[in-house]
Amino acid sequence: MIPVLGYVVLAASLLLALWTGIQAGRRRPTSEAQMIGAIVVEVALLAQVAIALVALFGGTVVAEPVTFVAYSVGVLLALPLGFYLAREERTRWGSLCLCFTAVVVAVMVLRLLQLWQAPVG
């Protein structure tokens, strides 16, 4: 896992959450720009998880490998679900769904970074 990329994904997902949260507060559905932002975050997240899993299966040792793999798979599912719900629910609730899933991604990425950097032993 590349820590700098992890923190970039973390910051991007928090910015997406703030952006869509403001949109929900204004009682508006998600915009096309926000949907593109969600796709960009997901692509960066996919790259980060792929790098991490290749390193993990290549011999890198982490403190809790099963938890790390579970989080790596799970973190990839949140934004597509929020994207889908935001597309289907074209009201402020769609914005709130995407906001919530972006926060979930941020928390999960933070946990992945903690697991990656935890001392082994």
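Student: Let's begin with the cysteines of this predicted model. How far is the sulfur of Cys99 from the closest cysteine sulfur?

Tutor: Good place to start! A disulfide needs two cysteine sulfur atoms within 2.5 Å, and by this rule the count comes to zero disulfides. The closest cysteine sulfur to that of Cys99 belongs to Cys97, and it is too far for a bond because the separation is 9.7 Å.

Student: Is Cys99 buried or exposed?

Tutor: Its neighbour in that pair, Cys97, is partly exposed, with a relative accessible area of 26%. The cut-off for buried is under 20%. Cys99 has a relative accessibility of 14%, so Cys99 counts as buried.

Student: Which helix gives the most residues to the largest nonpolar core?

Tutor: That core has 30 residues, and Met1, Leu45, Phe68, Val75, Val105 and Val109 have the most contacts inside it. Two or more residues come from each of helix 1 (3-25), helix 2 (32-57), helix 3 (65-88) and helix 4 (92-117). With 11 residues, the top contributor is helix 4.

Student: Which residues does Phe68 contact, leaving aside neighbours within four places in sequence?

Tutor: Phe68 is among the residues with the most contacts inside the core. Setting aside those sequence neighbours, the partners of Phe68 are Met1, Ala52, Leu56, Val62, Leu112, Leu115 and Trp116.

Student: How far apart are the end C-alpha atoms of helix 2?

Tutor: You can check this by hand. Helix 2 has 26 residues, and at 1.5 Å a residue it should span 38 Å. The model agrees with that expectation, since the end C-alpha atoms of helix 2 are separated by 37 Å.

Student: Against which helices do the buried residues of helix 2 pack?

Tutor: The buried positions of helix 2 include Met35, Gly37, Ala38, Val41, Leu45, Val49 and Leu56. Their packing partners are helix 1, helix 3 and helix 4.

Student: Which is the nearest side chain of opposite charge to Glu42?

Tutor: Glu42 lies in helix 2, where it is in contact with Leu76, Leu79 and Pro80 once neighbours within four places in sequence are left aside. Glu42 is buried yet has no salt bridge. At 14 Å away, the nearest side chain of opposite charge is that of Arg87.

Student: What is the relative accessibility of Gln34?

Tutor: Gln34 is also in helix 2. Not counting residues up to four places away in sequence, Gln34 touches Leu16, Trp19, Thr20, Gln23, Pro29 and Leu98. Gln34 counts as buried because its relative accessibility is 0%.

Student: What separates the C-alpha atoms of Ser13 and Leu79?

Tutor: Ser13 sits in helix 1 and is buried, with a relative accessible area of 1%. Beyond four places in sequence, its contacts are Val41, Ala102, Val105 and Ala106. Ser13 and Leu79 are 66 residues apart along the chain, while their C-alpha atoms are separated by 9.5 Å.

Student: Phi values next, please. Which residue other than glycine has a positive phi near 60°?

Tutor: Most residues other than glycine have a negative phi. A glycine with a positive phi of about 125° is Gly59, just after helix 2. The residue you want is in the loop between helix 1 and helix 2 and counts as exposed at 60% relative accessibility. With a phi near 60°, that residue is Arg27.

Definitions and conventions
Residues numbered from 1 in each chain as written. Predicted model: local features only at pLDDT ≥ 70, side-chain atom pairs only at ≥ 80, totals over all residues. Heavy atoms only, no water. Core = buried A, V, L, I, M, F, W, Y, C linked by side-chain atoms within 4.5 Å. Buried < 20%, exposed > 50% of the residue type's maximum accessible area, 1.4 Å probe, protein only. Helix = DSSP H or I, 4+ residues; strand = E, 2+ residues; numbered from the N terminus. Contact = heavy atoms within 4.5 Å. Expected span 1.5 Å × (residues − 1). Lys, Arg positive; Asp, Glu negative; His and termini not counted. Salt bridge = Lys/Arg side-chain N within 4 Å of Asp/Glu carboxyl O.
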